[in-house]
Amino acid sequence: NSPQSSLRAARFSHVIGVGGIGTGTLIELDGDETLGRTESRMGRLLDARDYCKLHIVEHYIAVLLGAPGGSNSCRVMAVGNVGRDDAGIALMREMADAGIDPGYVRMEPNCKTLFSMSFLYPDKSGGNITINNSAAGELDQAQLDQCRTELETAGPRAIALCLPEVPLEARSEFLRIATECRSFRIASFAAGEMDAVRSLNLLSRVDILALNREEAASLGAVTGRGRGKHEVLEACVQVAQAANPDIVLIVSAGAECVDVFDQGAWSPHAAMPTEVVS
């Protein structure tokens with residue numbers, strides 16, 4: 001069987017996600033040196049489109065799982081907010097065209113659509129700056145209550161996808177609802193959110209946690225330039241397992257590899273050699 005047919009045969013019937021929906025630009029910086037605190041630097045605007053977390057992840061899920069479609073397709077639904085502006089209107093159309101159901105996405109008349117500026121170094125590492133005063137911050141209890149019916153109906157056949165760029169309080173509530181509805185819970189959190197993730201014990205409501213190396217170091221409270229891969233992974237898994245002994249961890253390190261923790265052991269998975277696009 002092809003990977004696509006194997007995915008379509010999976011047991012999940014719904015993917016219901018909360019997270020950022022927005023647009024962005026990509027700039028390749030001149031020079032490999034890390035951008036300084038007060039530095040101005042030139043860069044090349046790349047001929048590429050960027051999107052925010054929920055839209056990115058659900059786009060690929062919708063395409064790979066064949067949503068919408070026949071009896072084996074998976075319904076992919078977005079829960080979030082965009083502005084009633086050109087970007088928001090375009091994103092609603094693009095999500096629907098890709099097979100993402102935007103029925104739980106609200107258009108806010110008095111807010112701008114979420115925007116992110118990503119920067120890349122010549123080796124393709126990099127980061128991004130995302131605005132925190134956009135329509136994405138308006139995700140509220142009423143929207144979560146509305147999507148609860150979908151989670152309850154699907155039960156354990158639903159993936160509850162919990163991603164950054166919307167308020168952490170709303171994501172905490174979403175994970176609580178997903179737990180009550182017996183959903184399979186997949187989450188990711190930004191590095192700057194890890195203190196709150198630990199204090200709120202959010203990982204007790206997560207089945208799969210997906211992070212990059214920097215986020216894993218933040219979760220494990222590993223600091224300093226000398227931190228090694230083994231130190232970061234072990235510190236991260238100690239914190240995660242203290243919250244949920246059965247949690248699965250996926251920690252990516254770009255072109256280096258992806259490390260997966262499952263059933264008590266780490267396993268590395270090499271990245272496929274390819275030309276990096278984004």
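Is Phe12 buried or exposed? I began my notes with this residue, and I found that Phe12 is buried, its relative accessible area being 18%.

**Entry 1: confidence.** Before going further I noted that I am reading a predicted model. I looked up the confidence and found an average pLDDT of 90 for the protein, with 92% of the residues scoring at least 70. Over residues 1-9, however, pLDDT stays under 50, and for this stretch I recorded 8 contacts beyond four places in sequence. Where pLDDT is low, the predicted coordinates should not be read in detail, so I left the matter there.

**Entry 2: the ring of Phe12.** I then searched for aromatic pairs, and the count came to 3. One of them is formed by Phe12 and Phe184, a tilted pair with 5.6 Å from centre to centre and 45° between the planes. I checked where the two partners sit: Phe12 belongs to the loop between α1 (3-8) and β1 (14-18), Phe184 belongs to strand β10 (residues 184-187), and the pair thereby links distant parts of the chain, 172 residues apart. I also compared their surroundings: Phe184 is partly exposed, with a relative accessible area of 23%, whereas Phe12, at 18%, is buried. The cut-off explains the two labels, because buried means under 20% relative accessible area.

**Entry 3: Ser13.** In the loop between α1 and β1 I also looked up Ser13, which counts as buried at 16% relative accessibility. Leaving aside neighbours within four places in sequence, I listed Ser73, Cys74, Arg75, Ala154 and Arg157 as the contacts of Ser13. I took one distance as well: the C-alpha atoms of Ser13 and Pro164 are 23 Å apart, with their positions 151 residues apart along the chain.

**Entry 4: strand β9 and its partners.** Which strands pair with β9? I found that β1 is joined to β9 by 5 bridges and that the two run parallel; within this pairing, His14 stands opposite Ala158 of β9. I found β10 paired with β9 as well, again in the parallel sense, over 4 bridges, with Cys162 standing opposite Ala187 in β10. Following the chain from β9, I passed through helix α5 (residues 168-180) before reaching β10, and this β-α-β crossover is right-handed.

I next asked how well β9 (residues 158-162) is covered, and noted that 5 of its 5 residues are buried. In a regular strand the side chains alternate between the two faces of the sheet. In β9, I saw Ala158, Ala160 and Cys162 pointing one way and Ile159 and Leu161 the other way, and all are buried.

**Entry 5: nonpolar cores.** In soluble globular proteins, nonpolar side chains tend to be buried together. I looked up the largest nonpolar core here, which has 47 residues, and the members that touch the most others are Leu151, Phe174, Phe189, Leu203, Leu209 and Leu249. I chose Phe174 for a closer look and, not counting residues up to four places away in sequence, found that Phe174 touches Ile16, Val18, Leu144, Cys147, Leu151, Ala160, Leu161 and Cys162. Apart from the largest core lies another, of 25 residues, including Leu54, Ala62, Val76 and Met107.

**Entry 6: two buried polar residues.** I turned to Ser118, which lies in strand β7 (residues 114-120) and counts as buried at 11% relative accessibility. Beyond its neighbours within four places in sequence, Ser118 is in contact with Thr25, Leu26, Ile27, Asp50, Gly127 and Asn128.

I then looked at Asn244, located in the loop between α8 and β12 (248-252), which also counts as buried, with 11% relative accessibility. Not counting residues up to four places away in sequence, Asn244 touches Leu203, Ser204 and Val206. Between the C-alpha atoms of Asn244 and Leu202, 42 residues apart along the chain, I noted a separation of 9.5 Å.

**Entry 7: positive phi.** What is the phi of Ala221? I read a positive value of about 55°, although Ala221 is not a glycine. Ala221 is in the loop between α7 (213-219) and α8 (229-243), and is exposed, with a relative accessible area of 55%. For Gln263, not a glycine either, I noted a positive phi of about 55°. Gln263 has its place in the loop between β13 (258-262) and β14 (265-269), where Gln263 is exposed, with a relative accessible area of 78%.

Technical notes
Residues are numbered from 1 along each chain as its sequence is written. This is a predicted model: local features need pLDDT of at least 70, side-chain atom pairs count only at pLDDT 80 or more; totals for chains, interfaces and linings use all residues. Side-chain values use heavy atoms; hydrogens and water are left out. pLDDT is the predictor's confidence in each residue, from 0 to 100. Contact means heavy atoms within 4.5 Å. Rings of Phe, Tyr and Trp (its six-membered ring) pair if their centres lie within 6.5 Å; planes under 30 degrees apart count as stacked, over 60 as edge-to-face and the rest as tilted. Buried means under 20% relative accessible area, exposed over 50%, partly exposed in between (1.4 Å probe, protein chains only). Two strands pair if DSSP finds at least two bridges between them. A crossover is right-handed if, with the strands pointing away from the viewer, the path from the first strand over the helix to the second runs clockwise. A nonpolar core is a set of buried Ala, Val, Leu, Ile, Met, Phe, Trp, Tyr and Cys residues joined through side-chain atoms within 4.5 Å.
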